[in-house]
Amino acid sequence: MAKQKILDFEAALGRLEEIVASLEGENESLEKSLTLFEEGVKLTETLRSHLDTAEQRIQVLMKDADGKMSEKDFEG
Amino acid sequence: MSGNRTTLTVSEITAQIKGQIESQFSRVWVRGEISNFKHHSSGHMYFTVKDVGAELRCVMFRGFNQSLHFKPEDGMDVMIQGKITVYEPRGQYQLMVQLMEPAGIGTLYLAFEALKKQLMGEGLFDESKKQPLPAYPKRIGIVTSPTGAALRDMLNILKRRAPQVDIIIRPALVQGDGAAADVAAGIQALESMSNIDLIIIGRGGGSLEDLWAFNEEILARAIGDCSIPIMSAVGHETDVTISDMVADLRAPTPSAAAELASTSISELSQTIRHQKNQLHRALENRLNQLWQELDHLVDRQSLQHPRMMIMRNREKLDNIMHQINFSMHQFLSMKSTKLKGFEKELSVLNPSDILHRGYSIAFSDDGSIIRHADDVNTGETFVLKTGSGRFSAKKKKMLPNSD
């Protein structure tokens, strides 16, 4: 199983909100506005695909015989 | 004799009994065995408590019995706190129950109250100590019994609702000896993993003894010390433990904890869709605005300035050219006038004009003008030029001066 790229969802969503606010803020140049828009569209695509491909991983923290902790997939 | 007797009415004596009993037994603890227990449809509970020698009628009104942690049954040994009330119409007294717990638990109850008071004094329950829960957790750690219904419920909800969230389970004893220490160790184990955003500790419902681990100091302190936000979800909605009070958030049940812990994927999708719409609208607004700004600028003087300046300069240049042309013209016509004057003057000096007036010019044969009578020898020829034509002449002799 390919490990899903870790995405800081909160940060990405925060950035998206920031971009929308900047665009609404009336202070950006046309060029900057277009750059921001492009970045925003890319972010929404990343976020969306992150949700679309979300596959929950459940693990159990186990103590080995020698007392070391390890993670094993959970057999529910 | 009868005149000396003090006679009270039944109401009077009952009122006095009521007054004395109720003031004397306004807050008592009684221990006994429940019998004739009845939970009325009104919500109130009626029963008696008894021991080998006596019975006491009891009522526990709905408002009080809702906070019971157990289900009272006939034959159960209980500790009751309440006050004695007298019901005058029937001449009966009863115990109005405010608190009731299984008799064995009395010491636990006291321990609970003592620990609660101590930890509150230390500020462990303070709002300022509460950490905010992450809005979008990526990895949730759960400390609970691996075989309990609580874990199953939480996993079901998280799988359906938030498949984007990974889960790591730290199996733990949740009741009996060592349970509190094990849950505390579980919290520490999860905390030592770097990527856990939120920890849920909890278990399903049970008796007060079953839940007791969540009222122990070792666990309370582990929760208080944990740098990762902790949600406590112990038993049913009515069960409130010390863990619940120390935790950053108390969930009424494990299922509720799973719901509270995660933003649902459908909500997230909606948020993203909303943000995308906002993004498009914002850009459109921005573009419209820029257009408007541009239109506005075009109308403004500052932008027109260069064009105006060119026009103005061109006008100036035209004027200058005009002026130069005019001056030149003036100059030329002045010169031409002067020239005509000269011409006139010149024509006055023209010798041919003089000849027309009757004068003649005498030229010697070598072509020079004869100005003196001596310039020509006697007998020599010379030429006379008149106003119209010339002829040859000869000097015959000298004449005396006429003047």
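**Contact between chains A and B, and B:Asn36**

With 13 C-beta neighbours inside 10 Å, B:Asn36 is classed as partly exposed in this predicted model.

Biologist: Is B:Asn36 buried, partly exposed or exposed?

Modeller: B:Asn36 lies in strand 1 (residues 28–39) of chain B, and its phi is positive, about 50°, although the residue is not a glycine. A buried residue needs 20 or more other C-beta atoms within 10 Å, and an exposed one has 12 or fewer. Because B:Asn36 has 13 such neighbours, the class is partly exposed.

Biologist: Which element of chain B gives the largest share of the side that touches chain A?

Modeller: The contact takes 31 residues from chain B and 32 residues from chain A. On the chain B side, two or more residues come from each of helix 4 (149–161), strand 7 (166–171) and helix 9 (265–299). The largest share, 15 residues, belongs to helix 9 of chain B.

Biologist: How many residues on the side of chain B that touches chain A are nonpolar?

Modeller: That side also holds seven polar and six charged residues. The nonpolar residues number 18.

Biologist: Which residue of chain B stands opposite A:Ile58?

Modeller: Strand 1 (residues 58–63) of chain A pairs with strand 7 of chain B in the parallel sense, over three bridges. Within strand 7 of chain B, the residue opposite A:Ile58 is B:Ile167.

Biologist: Over which residues of chain A is the pLDDT below 50?

Modeller: Chain A averages a pLDDT of 79, and 84% of the residues score at least 70. Where pLDDT is low, predicted coordinates should not be read in detail. The stretch below 50 has one contact beyond near neighbours in sequence, and comprises residues 1–5.

Key
Residues numbered from 1 in each chain as written. Chains lettered and ligands numbered in written order. Predicted model: local features only at pLDDT ≥ 70, side-chain atom pairs only at ≥ 80, totals over all residues. Contact = placed C-beta atoms within 7 Å. Helix = DSSP H or I, 4+ residues; strand = E, 2+ residues; numbered from the N terminus. Nonpolar A, V, L, I, M, F, W, Y, C, P; charged D, E, K, R; others polar. Pairing = 2+ DSSP bridges. pLDDT = per-residue confidence, 0-100.
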